[in-house]
Amino acid sequence: MKLTLWTYEGPPHVGAMRVATGMKGLHYVLHAPQGDTYADLLFTMIERRNHRPPVTYTTFQARDLGGDTANLFKDAARDAYARFKPQAMIVGASCTAELIQDDPGGLAAAIGLPCPIIPLDLPSYQRKENFGADETFHQIVRALAKPMPRTANITCNILGATALGFRHRDDVAEVTKLLGLMGIAVNVAAPLGASPADIARMGQAHFNVLLYPETGESAARSLERSCGQPWTKVVPLGVGATRDFLHEVAAITGLSPSVDESSLRLPWWSASVDSTYLTGKRVFIFGDATHVIAAARIAATEIGFEVVGMGCYNREFARPMRAAAKAYGLEALITDDYLEVEDAIAAAAPELILGTQQERHIGKRLGIPCAVISSPVHVQDFPARYSPQMGFEGANVIFDTWIHPLVMGLEEHLLTMFREDFEFHDAAGASHHGVKAQARAEDQPAAPSDADTLVEAADASGGGISAKRMPDAAVSVTTSGAAVWHPAAERELKKIPFFVRGKAKRNTEAYASEQGVAEITVETLYEAKAHYAR
């Protein structure tokens, strides 16, 4: 563990809370100090759920540490059962309570509650949130799901969706519809929306659909061993992956993979002349491994972007991430340090970032548009409307989400580029009002200034001019102090699109330093451009 301003994942008990909150009839008794109750806000404020997580905290305080904290846990477990009457209970400790070593599983078993008790052993100081969710779901399935006769018609279970997941609610609905087009019914979707009783009948499905490996793969492997159920390996994110998913399901079931694709919009637009503006745009992708790997495929093969960087924060998926990055000639960035991610993005100088809420903040600082594709996310990425990421409708949503920042970025660039034009400045009036634009005083030709005279004299003598000889209003000193920008060069720099302006500025200053140029003029700017173009 380390002190940081931002973390991509919380501790493992937050992952367990995501599973418990997504389910019905399950209660989580968490041995934790009073401060750990902050996690409730993740679900009520950010995900905007209309009920609190089904979690009872022991909420021990510092003065309790000298007494019997084990009895505090027993009392909390008894009270939780008496109040909520759950079908099953999971019990565990937060990262702080883990240090006390009270053994919540053993304590809960000893008091003999009349419902299944599922102990969680989540190593808080070695693992993180996604592992906690995956292991919690695995233990629930292992404890409750048993082999049983298959359903008469072909059915499947959908695995991995949790509370606080990125578009999990809508993804389950979209994949359910997609499977329905093939004639396959969903037996149980879990953990999101399922009860312990539903988990107990998962064994009657013919196969399992794994949507989120980060939070469901261990359960899928457990069901394969205990119930003999195969599971899908393709995640239906994007047009190509959705078609591959349908063929994989067809291979398992013997059904036809052909479904209605008339609602698709992305393939038509990608093949149209309108999309040529976006072809070859440089994109950097970071988030959880499943969404990043899928996003890279969509970006490179379905939209025509150039992937210039990719990585993930969950180290458990480092191997598939590195293999995916290698296919694009890249070295994957595996880190949970947001500062490393920011440095990598700045070095790659992309025109679009696809990432998490943190990459959205990075994009704001660097002046690069960003679309969110992965958890962790903030409230704006838990929309009330239907907005899946998976299936064919999900491909349409992805198309809108990714393209809009670039298209609006183009409009912003054009407005910025022409902002000083006499027709478009703020005082010119709206064009549709029929008011004649008036040139501003600053747009009128001006007499040569002292600064211009000094520059002309320096140019005539073939020498440079130092920043000390130039008035403050004439030039601006770079942050390094190595060179100064002439006002005309600064105006020309502003005409460069905002998403590559920073790189152009850095390259020009580096070129000026190499050439020993003391003042950056418009000519220097274009010379630097030609130099780096070679």
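Visitor: What is the relative accessible area of Arg-48?

Guide: In this predicted model, local features need pLDDT of at least 70 and side-chain atom pairs count only at pLDDT 80 or more, while totals for chains, interfaces and linings use all residues. Residues are numbered from 1 along each chain as its sequence is written, and side-chain values use heavy atoms, with hydrogens and water left out. Arg-48 is partly exposed (buried means under 20% relative accessible area, exposed over 50%, partly exposed in between, with a 1.4 Å probe and protein chains only), and its relative accessible area is 46%.

Visitor: What is the value near which phi of Arg-48 lies?

Guide: Arg-48 belongs to the loop between α2 (40–46) and β2, where helices (H or I, at least four residues) and strands (E, at least two) are DSSP runs numbered from the N terminus. Its phi is positive in a residue other than glycine, with a value near 65°.

Visitor: Is Arg-167 buried or exposed, and what is its relative accessible area?

Guide: Arg-167 also has a positive phi, of about 60°, although it is not a glycine. The residue is placed in the loop between β5 and α7. Arg-167 is buried, and its relative accessible area is 9%.

Visitor: In what order do the four strands form an open sheet?

Guide: The pairing in this sheet is parallel, and two strands count as paired if DSSP finds at least two bridges between them. β2 (55–57) and β4 (117–119) are the edge strands, each of which pairs on one side only. Neighbouring strands are turned by 25° against each other on average, direction ignored, with angles running from 0 to 180 degrees between N-to-C directions and axes being lines fitted to C-alpha atoms, for helices over the stretch in contact. The order of the four strands is β2-β1-β3-β4.

Visitor: Which residue is the bridge partner of Leu-26 in β3?

Guide: Strand β1, spanning residues 26–31, pairs with strand β3, spanning residues 88–93, in the parallel sense over six bridges. Within β3, the bridge partner of Leu-26 is Ala-88.

Visitor: At about what angle to β1 does helix α3 run?

Guide: Helix α1 (residues 12–22) packs on the sheet and touches β1, β2 and β3 (contact means heavy atoms within 4.5 Å), and the direction of α1 makes about 160° with that of β1. Helix α3, made of residues 69–84, lies across β1, β2 and β3. The angle at which α3 runs to β1 is about 160°.

Visitor: How far apart in space are Ala-93 and Ala-32, C-alpha to C-alpha?

Guide: Ala-93 has its place in strand β3 and is buried, with a relative accessible area of 17%. Leaving aside neighbours within four places in sequence, Ala-93 is in contact with His-13, Leu-30, His-31, Glu-98, Pro-104 and Ser-124. Although Ala-93 and Ala-32 are 61 residues apart in sequence, their C-alpha to C-alpha distance is 6.1 Å.

Visitor: Which residue in β7 stands opposite Ile-158?

Guide: A further open sheet is formed by three strands in the order β6-β5-β7, and its pairing is parallel. β6 (185–191) and β7 (207–210) stand at its edges with a single partner strand each, so one side of each is left without a neighbour in the sheet. Strand β5, covering residues 155–161, pairs with β7 in the parallel sense over four bridges. Opposite Ile-158, in β7, stands Val-209.

Visitor: How many Å apart are the axes of helix α7 and helix α10?

Guide: Helix α7 (residues 168–181) packs against helix α10 (residues 239–253) at an angle of about 50°. In this contact Val-175, Leu-178 and Leu-179 of α7 meet Thr-242, Phe-245, Leu-246 and Val-249 of α10. The axes of α7 and α10 are apart by 11 Å.

Visitor: In which strand is Pro-191 found?

Guide: The peptide bond from Ala-190 to Pro-191 is cis, with omega near 0°. Pro-191 is found in strand β6.

Visitor: In the loop between which elements does Pro-376 lie?

Guide: The peptide bond from Ser-375 to Pro-376 is cis, with omega near 0°. Pro-376 lies in the loop between β12 (370–372) and α16 (391–417).
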